[in-house]
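Colleague: I am new to this structure and would like to understand the words used for it. Could you take me through them?

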Amino acid sequence: MKISIIAAMAALVVGTPVFAAGDVAKGEKDFNKCKACHMIVAADGTEIVKGGKTGPNQWNLIGAKVASEEGFKYGDGLLQVAAANPDMVWTEELVIEYMTDPQKFIDAHGGTGGKTKMTFKLAKGQADVAAYLRSV
């Protein structure tokens, strides 16, 4: 009996998704740094955050495949990462890693010399922004 309870608990822990411990409200405020290049527009066209179009729409980013927004012209680096990791989807942890240093992220995940179009590095509050992006 003890073994089956332990096995069930282990399966629950292994099967539970891990989220970064970020504050959604703080992340919403910190996203103001991102909106110069990024917008958040829902699938039905509802504008959640009016922003720039230099970067891709951030609606439903968490769980989406890397470099997958239809019609957006991604930089070579992210396209190489997507080609090297065809099943890679954005998790909060990957978004945090990317926001911290986009070029380092690309180099670490198969971008063979490709460059990022995102030159901004978020020095703090990455987990909060990732939590906010998960919420939209």
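Colleague: Which helices each supply at least two residues of the lining of the largest pocket?

Modeller: Happy to help, and please keep in mind that this is a predicted model. H4 and H6 each supply at least two residues of that lining. H4 gives the most, with three residues.

Colleague: What is the volume of the largest pocket, and which residues are closest to its centre?

Modeller: The volume is about 700 Å³. There are 38 lining residues, and those closest to the centre are His38, Pro56, Gln58, Tyr98 and Met118. Sorted by class, the lining has 23 nonpolar, 10 polar and five charged residues.

Colleague: Back to the helices: why is H4 called oblique to H6?

Modeller: Helix H4 covers residues 92-100 and helix H6 covers residues 126-135, and they pack at an angle of about 130°. Roughly perpendicular runs from 65 to 115 degrees, and roughly antiparallel needs over 145. The angle of about 130° fits neither range, so H4 counts as oblique to H6. Their axes are 9 Å apart, and H4 passes H6 in a right-handed crossing.

Colleague: What makes the contact between H4 and H6?

Modeller: Contact here means heavy atoms within 4.5 Å. From H4 come Glu92, Val95, Ile96, Met99 and Thr100, while H6 brings Gln126, Ala127, Val129, Ala130, Ala131, Leu133 and Arg134. By class, that gives eight nonpolar, two polar and two charged residues.

Colleague: And where is Glu47 found?

Modeller: Glu47 is in strand E2, residues 47-49. Leaving out residues up to four places away in sequence, Glu47 touches Ile40 and Val41. Trp59 lies 12 residues from Glu47 along the chain, and their C-alpha atoms are separated by 9.7 Å.

Note on methods: Residues numbered from 1 in each chain as written. Predicted model: local features only at pLDDT ≥ 70, side-chain atom pairs only at ≥ 80, totals over all residues. Heavy atoms only, no water. Axes fitted to C-alpha atoms, helices over the stretch in contact; angles between N-to-C directions. Helix = DSSP H or I, 4+ residues; strand = E, 2+ residues; numbered from the N terminus. Parallel < 35°, antiparallel > 145°, perpendicular 65-115°, else oblique. Left-handed = near helix turned anticlockwise from the far one by under 90°. Nonpolar A, V, L, I, M, F, W, Y, C, P; charged D, E, K, R; others polar. 1 Å grid on protein atoms, 1.4 Å probe; cavity = no way out; pocket = protein on both sides within 12 Å on 5 of 7 lines; lining within 4 Å. Points joined across faces, edges and corners; volume = space filled by probe spheres on them.
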